[in-house]
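Let's take a walk through this protein together, going from the whole fold down to a few single residues. Have the viewer ready and turn the model as you read.

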Amino acid sequence: EMNAPALLSLVAQRAALPFEWGTRDCALWVFDAVRAFTGRDPAADLRGIYRTPRAALRLVEREHGWAHICATRIGEPILPENAQTGDVAQVDTDHCSGETADCGALAVVVNGQLVAQGEDGLVSLPLSAALACWRPRG
C-alpha cells in the first residue's frame with residue numbers, strides 16, 4: 001500500500017536539513033522517500049558504505065549508472081509526463097551544483113513537482129526537469 005502521508009511527513013522533516021554524503025545526498029534522499037512511500041528499502045545494502053563524493057561516484061559506476069540503479073532498485077520506467085507523487089526522477093543536472101553534479105541527480109515527485117536534496121535542504125524543481133522516471137514497486 002503506497003503511503004503518501006508518510007512521504008509528505010518525510011518531506012517536512014527533511015526540508016531544512018543540509019546535504020551530507022552517505023546520509024542525506026540526492027540518492028539517499030530518494031531511497032529514503034521510496035522507503036517511506038512503499039515500506040521497502042531499495043538501498044539497504046548501500047547505506048553507510050560511503051562518505052565522500054568520490055566514493056559515491058565509484059558506487060554509481062559499480063552499479064552501472066543511475067538508470068540501471070533505478071530500474072533494478074526502484075521499479076518500472078514510466079514517461080515523465082505520467083509521473084505522480086512517489087515516483088522517482090532522474091534530474092537534468094543543469095539544476096545541480098557540486099562536484100558530482102555532472103554524474104546525475106535524483107528527485108522524488110511530490111504533488112506535481114520534483115523534490116531533491118539541495119545543499120541547504122530540500123529544493124523543488126519543475127517536473128519538466130525530469131529526464132526519466134520510475135514507479136516504485138510496493
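**From the whole fold to one helix**

In this protein, 65% of the contacts with a separation of 6 or more join residues 24 or more positions apart. Keep in mind as you look around that the model is a predicted one.

What are the elements behind those contacts? The secondary structure comes to 4 helices and 6 strands. Reading from the N terminus, you meet them in the order α-α-α-α-β-β-β-β-β-β. The radius of gyration is 13 Å, close to the 14 Å that the globule rule gives for 138 residues, so the protein is as compact as a globular protein of that length. If you prefer box dimensions, the C-alpha trace spans about 35 × 30 × 25 Å along its principal axes.

Now for the inside and the outside. Of the 138 residues, 48% are buried. The protein exposes about 6,800 Å², and carbon and sulfur atoms supply 52% of that area. As for charge, there are 12 positive and 17 negative charges, and the mean positions of the two sets lie 8 Å apart.

Next, zoom in on helix H3, which covers residues 53-62. Which of its residues are buried? They are Pro53, Ala55, Ala56, Leu59 and Val60. These residues cover an arc of only 160 degrees around the axis, which puts them on the same side of H3. The general geometry helps here: an α-helix has 3.6 residues a turn, so residues three or four places apart point the same way.

What does that buried side meet? The buried residues of H3 pack against helix H4, residues 66-73. Turn to the face of H3 that points away from its buried side, and you will find the exposed residues Arg54, Glu61 and Arg62. After H3 comes His64, whose phi is positive, near 70 degrees.

Finally, let's visit an acidic residue in another helix. Asp32 has its place in helix H2, residues 26-38. Is Asp32 buried or exposed? Its relative accessible area is 4%, and buried means under 20%, so Asp32 counts as buried. Which residues surround Asp32, once those up to four places away in sequence are set aside? Asp32 touches Leu10, Arg14, Thr23 and Arg47. Try selecting Asp32 with these four partners in your viewer, to see the contacts for yourself.

Notes: Residues are numbered from 1 along each chain as its sequence is written. This is a predicted model: local features need pLDDT of at least 70, side-chain atom pairs count only at pLDDT 80 or more; totals for chains, interfaces and linings use all residues. Side-chain values use heavy atoms; hydrogens and water are left out. Buried means under 20% relative accessible area, exposed over 50%, partly exposed in between (1.4 Å probe, protein chains only). Helices (H or I, at least four residues) and strands (E, at least two) are DSSP runs, numbered from the N terminus. The arc is that of the directions from the helix axis to the C-beta atoms. Contact means heavy atoms within 4.5 Å. The radius of gyration is taken over C-alpha atoms; the globule rule is 2.2 Å times the number of residues to the power 0.38. Accessible areas come from the Shrake-Rupley method with a 1.4 Å probe; for residues, only the protein chains shown count as cover. Lys and Arg count as positive and Asp and Glu as negative; His and the chain ends are not counted. The place of a charge is taken as NZ of Lys, CZ of Arg, CG of Asp or CD of Glu.
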